[in-house]
Amino acid sequence: MTKKKRITLKDIANEFNVSIATVSKALNDSYEISIKTKAKIQEYAKKHHYKPNSIALNLQNKKTKTIGVIIPNILNHFFTKVFVGIEKIATEKGYNLITCISNESYEKEVSAMELLKNSALDGFILSIAEETQVKQNFSHFQNTINQGIPIIMFDRVTDEIECDKVIVNDKDGAYNATNHFIETGCKNIAIVSTIHNLSVGKLRLEGYKKALLEANLPIDESLILKVDEFNDIDTLLKILLDSRKVDAMLCLEEDSAVSTLRMVRSKGYKVPEDISIIGFTNGVLPRHVTPAITTISQHGIYLGETATKMLIEKLENENSETSHTTKVIKTNLIERETTKPLPY
């Protein structure tokens, strides 16, 4: 079975022995074309299921109304929420999205950018892959900006690239969570990090340390659990709980919070009476485990909406100032069942 060829403006023009411009005007209901000719062309186009090529049309205006989105990890509920926000605003403003997943790989991120640039898009919204942050090689971003394609970075960003950014106040989020533990009487506060290589992981660790220092509590490196391979988390948690006195655990993303809760309970500890737990990112899992996990919400949908509005504003106001802004989204603590109530 041969695939049906998609009908083009040229095909319609040949059929009626007129110019492509005449066909285009007729399909756009231009007053310059006679009613009789318009009716014939429109009827023929409809009968043959003619669909305008939006990219070709927009290229006439030097705009494709297409945005490239690169997300590092689709399994992370936070990024899913961000994408919901991006899609909502893009749809409202009449923009198409082409989305790639870098899967935390530097090579995939670089090739995704090349692929999307060849799709003649207007700009990028992206969060940096873990491997890129480890390598500290950001030249593919700079090359894209040098080609006149704007980039909005969100969540995982780098100071080395000058572009607009939307970030979460990660340091404050961890600082407030650690203070919440301290105010409910916890003194031996561990941190569980599977993201210590990422900019956001480093900021959360800074916030944790800042809260401990201000409360005159020692920073005990043996309570800072850095997990390189997620498969090792249960073993490392078991070693920590067997060797140290712990009464609170701050988990830097939601999968580690769920694993921590499971391990703590399997060791016979009561949550939150013996050990309190707070997890970063208010995804689906923390709400539906028992007990439900207290989380730090990063407002992913709002973050996605903000990034998309910033990019579209830039695209549609080309003469606007070239300076770059960084918007900071505040986090908030959603108290559930894995933390003790505040004493006041």
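Helices (H or I, at least four residues) and strands (E, at least two) are DSSP runs, numbered from the N terminus. You're looking at a predicted model, where local features need pLDDT of at least 70, side-chain atom pairs count only at pLDDT 80 or more, and totals for chains, interfaces and linings use all residues. Residues are numbered from 1 along each chain as its sequence is written, and side-chain values use heavy atoms, with hydrogens and water left out.

Let's begin with Pro341, which sits in the segment after strand 12 (332-334). Its relative accessibility is 68%, so Pro341 counts as exposed (over 50%; buried is under 20%, partly exposed in between, with a 1.4 Å probe and protein chains only). Gly123 is 218 residues away along the chain, and the C-alpha atoms of the two are separated by 46 Å.

Now go to helix 1 (residues 9-16) and helix 2 (residues 20-27). Leu9, Lys10, Ile12 and Ala13 of helix 1 meet Ile20, Val23, Ser24 and Leu27 of helix 2, where contact means heavy atoms within 4.5 Å. By class, that contact of helix 1 with helix 2 has six nonpolar, one polar and one charged residues.

Last comes helix 10 (residues 199-214). At 1.5 Å a residue, its 16 residues should span 22 Å (1.5 Å times one less than the number of residues), and the end C-alpha atoms are 23 Å apart, which agrees. Among its buried residues are Val200, Arg204, Leu205, Tyr208 and Leu212. The cover over the buried residues of helix 10 includes helix 7 (130-135), helix 9 (170-183) and strand 6 (189-193). Just after helix 10, Asn216 takes a positive phi of about 60°.

Notes. Nonpolar A, V, L, I, M, F, W, Y, C, P; charged D, E, K, R; others polar.
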